[in-house]
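Here's a quick briefing on a predicted complex, written for someone who wants to know what to look at and how far to trust it. Have the viewer open as you go.

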Amino acid sequence: MIWLDTIAQGILLGGLYALFATGLSLVFGIMRLVNLAHGDLIVLAAYLILLVVTLLGLSPWLAVLVAAPVMFGLGWMLQRWVLNRVLGPDILPPLLVTFGLSIALQNALLEGFSADSRRIPNPALEGASVAVGPLNLGVMPLLTFGSAVAVILVLNRIIYATPLGRAFRATSDDPVTAGLMGIDPRRIFALATGLAMVVVTIAALYLGTRANFDPAIGPARLIYAFQAVIIGGLGSLWGTLIGGVILGVAQTTGAALNPEWQILAGHIAFLAVLLIRPRGLFPRAND
Amino acid sequence: MLLQTCGLHAGYDRFKALFGVDIAVEPGECVAIIGANGAGKSTLMRAISGVLRSAPDMVLHRGVPIGHLPAPQVMQRGIAMVPEGRRLFPSLSVEENLLIGAQMRRGTGPWALESVYELFPILRERRASPGTALSGGQQQMVAIGRALMSNPDLLLCDEISLGLAPVVIRDIYAALPRIRATGAAVVVVEQDITQALTVADRVYCLMEGRVTLTGRPGDLSRAAIHDAYFGGHA
Amino acid sequence: MTPTHWRMTTLTRAGLVTGGLALALIVLGLVLPAFASRKLIQDLFYILTMLTLAQLWNLLAGYGGLVSVGQQAFVGIGAYALFGGVILAGMDPLLALLLGGLAALVLAVPMAFFAFRLHGAYFAIGTWVMAEVARLSIAQWKALGGGTGTSLPRDATSGMKVLDWIGALFGVRAAAARDILAYWLALMLAVAVIGGIYWLLRNRLGLGLIAVRDNIEAARSVGVDVRRMKWAVFLLASAATGVTGALIFLQTARISPDAAFALTDWTAYVIFIVVIGGIGTIEGPILGVLVFFALRSLLADYGSWYLLTLGVIAIVVMLFAPRGLWGLISDRTGVQLFPVRRWLHGPGVGEETSR
């Protein structure tokens, strides 16, 4: 029974990792850009929600509605003014720019909010749980997983059934020809990064309400997001969810054996997948 | 004058391909650009469509300087391109490939999904297939249809017969009169001189980045074309 | 014209000047402890080790196209191997430096095996994950203090004969003599690494590397074995990084997994040094480390502002001068201190080359 519980917790944790990973996956899919500051942007969004909650006295759920447009704008500007200038055949410039951004963001947050760990207050649901059969599952973990599924459903709908998504896919295929169709790739990239930042805000809500956070935890979130993406296979959002679940289950299982092994177990699961299926479990056909 | 290039210079980083090219296209006209491999035909198309930038007044569209505009803005002014090698979007179905042509500019004119399917009926059958699953000729039809979807007043066709069987080329060129009947001007880049002379109202011959011959097909002698194409021998 | 009238050289006047200057600098460096303060020696130790790490990262990323964000793995494993060798096996610390290099080489094999399965940007995060795995695994090694770390026993380092000799030579105490020894080792290591990289770049491997960096398909088509080349560069850089890591922690004499495997100290700083100085050149990291150290001295009291500034500078450099400070200087003046470009000297203008 302990094991069943461990696995259930792991699956739900995977929802959180999938939320971390979805933005990363979206941006990579459209512009082949890996944003090394992705984890720090999640932490930034968590502070932003915290700020809105404390300053405006809103509930965290409403605070997300305030924070999401701000993060969208931030992502849009970041892409338009910084990242678009370094995108190209050479992968080095965007990597180094986002790495610089990661270090700068961490230290800006440290300066602004100190190294103390914080938490987004969520008195209504903190610690609440429901009984599902023999299991007792936390309401917040369940909501996290549900949100991950909802986010992926909405994103897939946008990507595969709207003109914007069509432009995303066309630009991802061939930016020059997309330009001949009247689509400005730089604008599409800015919109995609903005959209990814909205997902990042949702991820930050759960990051910040479920556990403590501080300015230094961004890089680890980037690593979990990255592992979920690679395990799932590049280019498939559902694959990313499954990648997150595998990572989550590996971590909770490791932690059940020895609390010190939680993170290590996740890394080992990742390496095992990389060993057996270098392209991930559900790779996109043409890439 | 619908389109005019004035002393157009263009090229790539270290390699210039066009040296002062002057061409002109009247509304509704069909102009063919001929020339050997490397004469600068595709560079000319890329410079007009905005893929390559030049000085503003080296390219005029309805008298407005557009040489400096990027491709998306050129397209929105009503110049659509069928790029060399077709360049369909592999992630998009045939129908989505067509729809994306009209996404940023619908324009006023007859072209929409329905009329493109009437022009190329086979595409209706294959509408749900990925664009790249089609035969070369069918892909070329999608590429032409995609460009028409924006109802351009100028259609640029870059090497649309390249790599296709003669019978397929005939089918594709058979669509040209119906496209022209809607009032759009067409520029075709062709290596096949006979084909070009058949369809065009006027012909420009390029060699080594310069216009070496221009005129109506009926007025041009075979020898003159030969000289303009391969270089005159003293 | 016969081809014998053509000769290929990489010599430039600046290159010759560099050679003489470098030799003078090395000699000066060796005798420096006779009149320099202990603080200066310690600062120079730091500068030299950071320079070495930067040159090695530059070899990977700037020449090999391998953007590793996991170099802390090799610093850490090298340092831990030294501590393990000295504490658990009673090895001589100087010999244990080489053990550090060996351990890094051994770690590099599985790391390359996994990371090379990831392409481009994902390679970067892959190396980072591997470094994390190494850190977490080492933290389980209870004999070396687990997560809290351990110190080198005093007698293990001060018992070295060479320290008595240095002490007598300069008339200093054991602690200062240890600093001098570490500084000399750092100097020799830096010279060896820079010299080695320069030599490498001027030889077949270097030509192949530059070919791969500029155009991987073309390089393949003229017979460059890209995979083997990447392996060779990765293993070489890893081993040398391991020795450097061992030396750094020999000097501090205290180790913990978080310090030895620190992303900021051993990879972030190193990346900033290379980016600011100029990636893909040997001169760049040298210039970069000086700028880095000046900034550090200037901003040391401002804590996180220091790193914030470094991050922003790196972004600005990549946006507006992607070839770094050295790129700016080199473009203006045409100076090359470490010429790796090949110059073709022919018999005259207008002559046709014979086939």
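Start in chain B, where 4 strands make an open antiparallel sheet in the order β2-β1-β4-β5. Its edge strands are β2 (16–25) and β5 (64–65) of chain B, each of which pairs on one side only. A word on the ground rules: this is a predicted model, in which local features need a pLDDT of at least 70 and side-chain atom pairs count only at pLDDT 80 or more, while totals for chains, interfaces and linings use all residues. Residues are numbered from 1 along each chain as its sequence is written, and chains are lettered from A and ligands numbered from 1 in the order in which they are written.

**Terms used below**

- Helices (H or I, at least four residues) and strands (E, at least two) are DSSP runs, numbered from the N terminus.
- Two strands count as paired if DSSP finds at least two bridges between them.
- A contact means that the C-beta atoms of two residues, placed from the backbone, lie within 7 Å.

**Sheets and helices in chain B**

- Within the antiparallel sheet, strand β1 (residues 3–11) of chain B is joined to β2(B) by 7 bridges, and B:G11 stands opposite B:K16 in β2(B).
- Another open sheet has 6 strands with mixed pairing, in the order β6-β7-β8-β3-β9-β10 (chain B).
- Why do β6 (79–82) and β10 (210–215) of chain B each have one side without a neighbour in the sheet? They stand at the edges, each with a single partner strand, so one side of each is left open in that way.
- From one strand to the next, the twist in this mixed sheet averages 20° (axes are lines fitted to C-alpha atoms, for helices over the stretch in contact, and angles run from 0 to 180 degrees between N-to-C directions).
- Strands β7 (residues 154–158) and β8 (residues 185–190) of chain B pair in the parallel sense over 5 bridges; the bridge partner of B:L154 in β8(B) is B:A185.
- Helix α1 (residues 41–49) of chain B lies across β3 (30–35), β6, β7, β8 and β9 (202–207) of chain B, and runs at about 150° to β7(B).
- Helix α6 (residues 136–148) of chain B lies across β6 and β7 of chain B, at about 170° to β6(B).

**Who touches whom**

- Of the 2 pairs of chains that touch, A and C have the most contacts.
- That interface puts 32 residues of chain A in contact with 32 residues of chain C.
- On the chain A side, the elements giving two or more residues are α3 (60–86), α4 (92–113), α9 (218–232) and α11 (262–276) of chain A, with α4(A) giving the most at 14 residues.
- By class, this side of chain A has 25 nonpolar, 4 polar and 3 charged residues (Ala, Val, Leu, Ile, Met, Phe, Trp, Tyr, Cys and Pro count as nonpolar, Asp, Glu, Lys and Arg as charged, and the others, Gly among them, as polar).
- Chain B brings 22 residues into contact with 17 residues of chain A.
- α2 (71–76) and α3 (94–103) of chain B are the elements that give two or more residues to the side of chain B that touches chain A, and α3(B) gives the most, with 5.
- The residues on that side of chain B divide into 13 nonpolar, 6 polar and 3 charged.
- No contact joins chain B and chain C, and their closest C-alpha atoms are 16 Å apart.

**Chain C up close**

- Chain C has 16 helices and 4 strands.
- Helix α11 (residues 226–252) of chain C has 27 residues and reaches 39 Å from its first C-alpha to its last, close to the 39 Å expected (1.5 Å times one less than its number of residues).
- Right after α11(C) comes C:A253, with a positive phi near 65°.

**How far to trust it**

- For the complex, the predictor gives an ipTM of 0.93 and a pTM of 0.90.
- Chain A has a mean pLDDT (the predictor's confidence in each residue, from 0 to 100) of 93, and 99% of its residues reach 70 or more.
- Chain C averages 86, with 89% of the residues scoring at least 70.
- Among the elements of chain C, strand β4 (residues 343–345) has the lowest mean pLDDT, 56, and helix α3 (residues 72–89) the highest, 95.
- Over residues 348–355 of chain C, pLDDT stays under 50, and the model has 5 contacts beyond four places in sequence for them.
- Where pLDDT is low, the predicted coordinates should not be read in detail.
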